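Welcome, and take a moment to look over the picture below. The tour that follows goes from the strands to the cores, and then to the pairs of residues that link distant places.

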Amino acid sequence: MGAGQRRIRQAAAPLAVVLGTGLTLPSLAATPKPGAPQAAPVATYGIEAVTSSGMGASAMGGADIMRMMMGGRPSMSSTSRQLELQLQAPGKAASPTAEHRIPPAMAMGTALPLLSGSDSPGQPAQWQDKDIPEPKGRLLIYRGCAESAGAGQPEIITLNGLLPQQRRQALEGLRRLAASPAAGGAPLTSGRWPSGNEPPAVPLQASLVGSHVVASNYAPEIRFQVESSHDFLAPVTLTTATAGGAQRLAWQPIPTALGYQAMATGMGRQEGDIVMWTSSEAPWANSSVPGELRAPAAARLVQRGVLLAPERTTCSVSAQAMAAMRMAMLTFTAYGDTLLLNSAKGAPSWRLSLERRSTAMRPIGEGLEGLDPGAGAGKEEPKKQGGFNLFKLF
């Protein structure tokens, strides 16, 4: 999955349940103006290193989801690491081959093969009104870490009655991201790892630290060094506890993290309502976290209240947000500094990006206290009531 596709997933995650609301995607890059000078094409190499914990981590995710669909209890203690690599270079190669030679600390052999092939220029998607579902009901948005929601909450967006044009606008930014990044729409050759639907397991002890070489017959050789400051982030250790009507979140600080953000999404009490809560104190349209996050930008986001400070260890889903939701899925993300490197002056051009995150996901809400070993500490063990049924959520 390429950097553009990864950003579709990250930017669209909150939109997935409210497709067509017309919400903006602040992290999208501006579209170049016609006639503007284009940068010379370069080879790019994108690395995404993610540590996942809780429900949905690694292969356990499928089993967890099936258990929840059947009303069972998911595992909340699994941890995994995922790695996604993508190499892209302008032009076509007759028989493209590429590999990423890895340091011994990764404990995955000597090299990872990049499945390579030539791609056609990205073509803009043609959205048809029939392809864009008509939203109904309302979107209720709560924000901030206080146990009681602040003034002006929830922010309410009425979903039904939006014009088709407004729904198309919600998808336009995603279409731009999905388009080929090749300059001028020129053909390109790309390679990726993993190549299948089920990614190979990355050992929990794997480390990115050491010397790396990306060698191919269609892009310049890319040599780079990864220090411990840009290694996989530690797993998120997240616990929840009821505090009045609020849900209190607690976690251990993650070394080298630049900041944290949490989000919960669930069905509302009223038919058709969707309730969202975010730890960000900023308005919804200004709460996104950009890709390729660097320390200076993260510090500004912390100052604006979009990200929680790296030393922060607690936050609460407000009592009003919890009361508005029947049940919800909570996602907690720790963001690491992105390693950005460029080729030396005078050498064949390439650009490298290593993005790092650590995430935890778990359900919260009515009847779910027993799913989290740290939830409701000091309280009587809840009676078994058949578990949480995922079909009731979405």
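Two strands count as paired here if DSSP finds at least two bridges between them. With that in mind, please remember that you are looking at a predicted model.

**A sheet of four strands**

A good place to begin is the hairpin in which five residues join strand 9 to strand 10. These two strands run antiparallel, with five bridges between them. Across from Val213 you will find Arg223 of strand 10.

The hairpin belongs to something wider: an open sheet of four strands in the order 4-3-9-10, paired in antiparallel fashion. Strand 4 (111-113) and strand 10 are the edge strands, each pairing on one side only. From one strand to the next, the twist averages 15°. Strand 9 also meets strand 3 (residues 98-101), and the two run antiparallel with four bridges. In that pairing, Glu99 stands opposite Ala215 of strand 9.

Strands in a sheet are held to each other by backbone hydrogen bonds, and the pairing can be parallel or antiparallel.

Which residues of strand 10 point to the buried face? They are Ile222, Phe224 and Val226, whereas Arg223 and Gln225 point to the other face and are not buried. This fits a general pattern: in a regular strand, side chains alternate between the two faces of the sheet.

**Loops beside the sheet**

Between strand 3 and strand 4 runs a loop that holds Pro103. Pro103 is buried because its relative accessible area is 4%, under the 20% cut-off. Along the chain, Pro103 and Gly210 are 107 residues apart, and yet a separation of 5.4 Å is found for their C-alpha atoms. Setting aside neighbours within four places in sequence, Pro103 is in contact with Leu208, Val209, Gly210, Ser211 and His212.

Another loop, between strand 8 (188-193) and strand 9 (210-216), is home to Ser207. Is Ser207 buried or exposed? Its relative accessibility is 13%, so Ser207 counts as buried. Apart from residues up to four places away in sequence, Ser207 touches Ala105, Met106 and Asp231.

**Two nonpolar cores**

The largest nonpolar core is made of 30 residues, and Tyr45, Leu83 and Leu87 have the most contacts inside it. Strand 1 (43-54), strand 2 (79-90), strand 10 (222-226) and strand 18 (350-365) are the elements that give two or more residues to this core. Tyr45 is in contact with many residues beyond its neighbours within four places in sequence, including Leu85, Leu87, His100, Val214, Ile222 and Leu352. A second core, separate from this one, has 29 residues, among them Ala149, Val236, Leu238 and Leu249.

**Aromatic pairs**

How many aromatic pairs does the structure hold? There are three. In one of them, Trp251 and Phe332 are tilted, at 4.7 Å centre to centre and 50° between the planes. Trp251 belongs to strand 12 (residues 246-251) and Phe332 to strand 16 (residues 325-336), so this pair ties together parts that are 81 residues apart in sequence. Ring pairs also bring Tyr260 into a cluster with Trp251 and Phe332.

**The disulfide**

A search of the whole structure turns up one disulfide. Such a link is a covalent bond between the sulfur atoms of two cysteines. Here Cys145 is joined to Cys315, with S to S at 1.9 Å. The link of Cys145 and Cys315 is left-handed, with -95° about the S-S bond. Why does this pair tie together parts that are 170 residues apart in sequence? The reason is where the two cysteines lie: Cys145 is in the loop between strand 6 (138-143) and strand 7 (155-158), and Cys315 is in strand 15 (residues 314-317).

**Burial at a glance**

The table gathers the relative accessibility of residues from the two kinds of link.

| Residue | Link | Relative accessibility |
|---|---|---|
| Trp251 | aromatic pair with Phe332 | 4%, buried |
| Phe332 | aromatic pair with Trp251 | 0%, buried |
| Cys145 | disulfide with Cys315 | 12%, buried |
| Cys315 | disulfide with Cys145 | 3%, buried |

Methods: Residues are numbered from 1 along each chain as its sequence is written. This is a predicted model: local features need pLDDT of at least 70, side-chain atom pairs count only at pLDDT 80 or more; totals for chains, interfaces and linings use all residues. Side-chain values use heavy atoms; hydrogens and water are left out. Buried means under 20% relative accessible area, exposed over 50%, partly exposed in between (1.4 Å probe, protein chains only). Contact means heavy atoms within 4.5 Å. Rings of Phe, Tyr and Trp (its six-membered ring) pair if their centres lie within 6.5 Å; planes under 30 degrees apart count as stacked, over 60 as edge-to-face and the rest as tilted. A nonpolar core is a set of buried Ala, Val, Leu, Ile, Met, Phe, Trp, Tyr and Cys residues joined through side-chain atoms within 4.5 Å. A disulfide is a pair of cysteine sulfur atoms within 2.5 Å. Axes are lines fitted to C-alpha atoms, for helices over the stretch in contact, and angles run from 0 to 180 degrees between N-to-C directions.
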